[in-house]
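This report describes selected features of one protein chain. Please keep the sequence and the 3D view open while reading.

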Amino acid sequence: LAQAFQCCSLLSSVNYKSGHRLLSEPDRCSCVMPAGATESLVAARQEGALEEGCLTRVSPGRCLGTYCGGAGDDVAQVRAFEDAKKQANLGFAPRAVGALVLGNTLLGGSGMLGIPHAFSVAGWMLGFALLLLFGFASAFGCHLLQCSARKIGTAPCSFYTVAKAAAPRWTWLIDGAVMVKCFGVATSYMIIVGDLAPHALHFFGLRHLQRWEVITAGFAIGGTLACFKNLSALRYTAACAVLIVLWTVVLLGLFFVDAGGAFDACQHQPQEHTNSNIVAPMPCNGAAFQQIVTHNPLALMKGIPVFVFAFTCHQNIFTVCNEVRQATRRRIDIVIFGAYLVSGLFFGLAAFFGYATYGDKVQSDVLKGYPSVPAVELTRLLYSLLAVFSYPMQIHPSRTSALALWTLCRGPPGDQSTSNPGDGNGIDALAEGIAPPAASDDRVARASSRRFTLVSCVLLALSYTIAITVDDLGLILGVVGATGSTMVSYILPGIVYIRAFPEAHSKRYLAWGQFFLGCVIMPTSLVLLFL
């Protein structure tokens, strides 16, 4: 029903088993229907694929749809989405696997190292409130995206396919947001290497290594791996990342409770005698530990993007929808809730332990401030190695999005008709659905290779330069959180849901709020970060 697809603004679902599209347009769905489509719709209703009232009027020439099911589950949507997943050999995993996928994304990054410093500019009570607020807002963004994916009905679904179906004019935002976010995360990994590896290598006997030398060595490995087009061998680093993060939380907890021996966070400060026991007062070095910090609102505003950055996993909600069996709204919401609850718990523990131990003097990379003992140095070394091998996994999607933007602006590689920006004939031909003149395979291959090489060199050079010159992890997390993470977590979910569900209901108003919140956070945080 290609004509119906072009005529109607939305398709509520696709019945791949019967091969017919089931139209359930909320308002003003006036589209010319091919012969036989009406009988298919009536038969689908009789089979239970469409509920009574979904279509108020069906005639051989036109259809007028009414909305059924609200913003929640629609029987036709779920059934059609599951059928599409089976056609693609997807949808056989239990909910626990989906929760692990989201939890892996949330916990496996560098955000946890920066949250303790964000607590130090907010106070522990306000910090927990912000952690809860932005965690809930981010989870709601995932909810909006999973509802939109099921409404569109394409399988396998992705951020790009859902946005292209619901808001085709905004697909360039997806590529831009993914490019910025992944590039920033990759750069933060190199900064982590420069922060942690020199101390660890010095402790284990490799002395006189400077920060830039360690970053260069790590970049030589990670940058080389980033030039490969297939990174499937590195997928296991994600599981290692979660284990290292969990151990880091345990390590910070041991220092917080002063487990004794090597777990004394205040080894280099004067000690006090209390009840015949020698103890070091906490926080260390007389640092401030407050419930709410009120004297520096500018620092608080600069710390907000770190919370946004830590709770960004929205690109993988589509993987969950694809893989989890019976991806109804309730089942996917349980997956989202479980992943965010566990991740938020570990984020909160790490932030509280770090802030309670070092107060307002906690470092922007929390591991930098702990004493040089075997457990800490081993953790620093493991984090550095993990960052090196995770680096290409972030450069890869960043490069893919950059190449997609290049194609959008300049046309496909090797295509002469769109390579000249002053000549609009090729672009007009594409817009009209006319194929441009075919380029030879050799020319396309050479042009693709040049673009791949050029984009890779630019991204790697920029990443290396920033990592060498910037030693403040909090600044990078703030910039990425204010730009790419805000776009992926707030602005795009709001846009996609608003366009996918044009009918008025309460959740749509909340989606508008999600969108406007992102529009406020992005420019405000970017301006304040550089004041």
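His208 is found in the loop between H8 and H9. Helices (H or I, at least four residues) and strands (E, at least two) are DSSP runs, numbered from the N terminus. His208 has a positive phi of about 65° although it is not a glycine. With a relative accessible area of 76%, His208 is exposed. Here exposed means over 50% relative accessible area, buried means under 20%, and partly exposed is in between, with a 1.4 Å probe and protein chains only.

The model is predicted: local features need pLDDT of at least 70, side-chain atom pairs count only at pLDDT 80 or more, and totals for chains, interfaces and linings use all residues. Residues are numbered from 1 along each chain as its sequence is written, and side-chain values use heavy atoms, with hydrogens and water left out.

**Backbone details**

Most residues other than glycine have a negative phi, and most peptide bonds are trans. Asn285 is not a glycine, yet its phi is positive, about 60°. This residue, Asn285, lies in the loop between strand E6 (277-279) and H11, and at 47% relative accessibility it counts as partly exposed. Ala155 and Pro156 are joined by a cis peptide bond, with omega about -5°. Pro156 belongs to the loop between helix H6 (124-152) and H7.

**Two helices with a bend**

The expected span of a helix is 1.5 Å times one less than its number of residues. The bend at a residue is the angle between axes fitted to the seven residues ending there and the seven starting there. The table lists both values for H8 and H14.

| Helix | Expected span | Distance between end C-alpha atoms | Bend |
|---|---|---|---|
| H8 (residues 171-203), 33 residues | 48 Å | 48 Å | about 35° at Leu196 |
| H14 (374-410), 37 residues | 54 Å | 53 Å | about 30° at Phe389 |

For H8 the two lengths agree, and they agree for H14 as well. In H8 a proline, Pro198, follows the bend within four residues. In H14 a proline, Pro392, follows the bend within four residues. H8 is largely enclosed by the rest of the structure, because 25 of its 33 residues are buried. After H8 comes Gly205, whose phi is positive, near 110°. Just after H14, Gly411 takes a positive phi of about 90°.

**The largest pocket**

On a 1 Å grid over the protein atoms alone, a pocket is an open set of points where a 1.4 Å probe fits, with protein on both sides within 12 Å along at least five of seven lines; lining residues have an atom within 4 Å of a point. Grid points are joined across faces, edges and corners, and a volume is the space filled by probe spheres set on the points. The largest pocket has a volume of about 1,200 Å³. It is lined by 43 residues, and the closest to its centre are Thr105, Gln315, Asn316, Met393 and Gln394. Several helices each supply at least two residues of this lining, among them helix H4 (95-107), helix H10 (237-256) and H8. H14 gives the most, with eight residues.

**Aromatic rings**

Rings of Phe, Tyr and Trp (its six-membered ring) pair if their centres lie within 6.5 Å; planes under 30 degrees apart count as stacked, over 60 as edge-to-face and the rest as tilted. A search of the whole structure finds 23 aromatic pairs. In one of them, the rings of Phe219 and Tyr464 have centres 4.9 Å apart and planes at 45°, so the pair is tilted. This pair links distant parts of the chain, with Phe219 in helix H9 (residues 211-226) and Tyr464 in helix H16 (residues 441-469), 245 residues apart. Phe219 is buried, with a relative accessible area of 17%, whereas Tyr464 is partly exposed at 23%.

Phe311 and Tyr340 form a stacked pair, 5.9 Å centre to centre and 10° between the planes. Phe311 lies in the loop between helix H11 (297-310) and helix H12 (317-323), and Tyr340 lies in helix H13 (residues 329-358), 29 residues apart. Both Phe311 and Tyr340 are buried.

One aromatic cluster includes Phe119, Trp124, Phe128 and Phe134.
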